[in-house]
Amino acid sequence: MKIFEVEPHVIKYYGSDGAFHPIQDIAEDDILGIVGKIIDGEEIEMDPVPDSDKGYNPAALVIYKELHKQFSAISNSRDDTIRRINSEFAEAEAYYDGEGAGNLLESHDENVWDE
């Protein structure tokens, strides 16, 4: 799925509404949606950052360069990030399935449940 498109004089992002919009209009929900797609394993495409700044809105270029860099990093480290998250959940699950959860319940006043 193509998430960024670079055309002469305009850089666009693919919005949740299924249309391309100017990059400077990108919102937090759009960014979170793209990160979600990356984490879910969806293949994303991004046009390369323009070689020349000529003819592009300077703000749009700054936004695009940073988003391109960050989304590339997320995409490149996706498997390692998922492995780390799964490991943390496995550790937490083991803790709460074992004696750790019992200790939590024992530390509460028994009369709490009678209220």
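The following paragraphs describe the fold, the charged side chains and selected residue positions of a predicted model.

The predicted model comprises 115 residues, of which 20% are buried. Its secondary structure consists of four helices and four strands, and these elements follow one another from the N terminus in the order β-β-β-α-β-α-α-α. The mean pLDDT of the protein is 85, with 84% of the residues scoring at least 70. Confidence varies along the chain: the highest mean among the elements, 96, belongs to strand E3 (residues 20-22), whereas the lowest, 56, belongs to helix H4 (residues 99-106).

Side chains of opposite charge can pair when their charged atoms come close. In the present model six salt bridges are counted, among them a pairing of Asp47 with Lys2, in which the closest N and O atoms lie 2.9 Å apart. This pair joins distant parts of the chain, since Lys2 belongs to strand E1 (residues 2-7) and Asp47 to the loop between strand E4 (45-46) and helix H2 (58-76), with 45 residues separating the two. The partners are not alike in their exposure: Asp47, at 17% relative accessibility, is buried, whereas Lys2, at 29%, is partly exposed. The assignment of Asp47 to the buried class follows from its relative accessible area of 17%, because buried is taken to mean under 20%. A second contact places the loop position of Asp47 in relation to Val6, for the C-alpha atoms of Asp47 and Val6 are 5.9 Å apart in space although the residues are 41 positions apart in sequence.

Two further salt bridges can be described in the same terms. In one of them, the side chains of Glu7 and Lys12 meet with an N to O distance of 3.6 Å; Glu7 is partly exposed at a relative accessible area of 27%, and Lys12 is likewise partly exposed at 22%. In the other, Lys69 is paired with Glu66, the closest N and O atoms being separated by 3.4 Å. Both Lys69 and Glu66 are located in helix H2, where a spacing of three residues corresponds to about one turn of the helix. Each partner of this helical pair is partly exposed, Lys69 with a relative accessibility of 49% and Glu66 with a relative accessible area of 38%.

Charged residues also occur outside these pairings. A patch of negative charge on the surface is formed by Asp40, Glu42, Glu43 and Glu45. Within this group, Glu42 is situated in the loop between helix H1 (28-39) and E4, and a relative accessible area of 36% makes Glu42 partly exposed. Membership of such a patch requires over 30% relative accessible area and no salt bridge, so the value of 36% for Glu42 satisfies the requirement on accessibility.

Backbone geometry draws attention to one loop position. Most residues other than glycine have a negative phi. His9, by contrast, has a phi near 75°, a positive value in a residue other than glycine. His9 lies in the loop between E1 and strand E2 (10-14), and with a relative accessible area of 59% the residue is exposed.

Two additional positions illustrate how residues separated along the chain are placed in space. Glu5, found in strand E1, is buried at a relative accessibility of 19%. The C-alpha atom of Glu5 is separated by 9.2 Å from that of Ile23, a residue 18 positions away along the chain. Asn76, which lies in helix H2, is exposed at a relative accessibility of 68%. For Asn76 the partner considered is Ile38, at a sequence separation of 38 residues and a C-alpha to C-alpha distance of 9.7 Å.

Taken by element, strand E1 contributes the partly exposed Lys2 and the buried Glu5, whereas helix H2 carries the Lys69 and Glu66 pair together with the exposed Asn76.

Note on methods:
Residues are numbered from 1 along each chain as its sequence is written. This is a predicted model: local features need pLDDT of at least 70, side-chain atom pairs count only at pLDDT 80 or more; totals for chains, interfaces and linings use all residues. Side-chain values use heavy atoms; hydrogens and water are left out. A salt bridge is a side-chain nitrogen of Lys or Arg within 4 Å of a carboxyl oxygen of Asp or Glu. Buried means under 20% relative accessible area, exposed over 50%, partly exposed in between (1.4 Å probe, protein chains only). Patches are made of residues with over 30% relative accessible area and no salt bridge: like charges are joined within 9 Å, nonpolar side chains (Val, Leu, Ile, Met, Phe, Trp, Tyr) within 5 Å. Accessible areas come from the Shrake-Rupley method with a 1.4 Å probe; for residues, only the protein chains shown count as cover. Lys and Arg count as positive and Asp and Glu as negative; His and the chain ends are not counted. The place of a charge is taken as NZ of Lys, CZ of Arg, CG of Asp or CD of Glu. pLDDT is the predictor's confidence in each residue, from 0 to 100.
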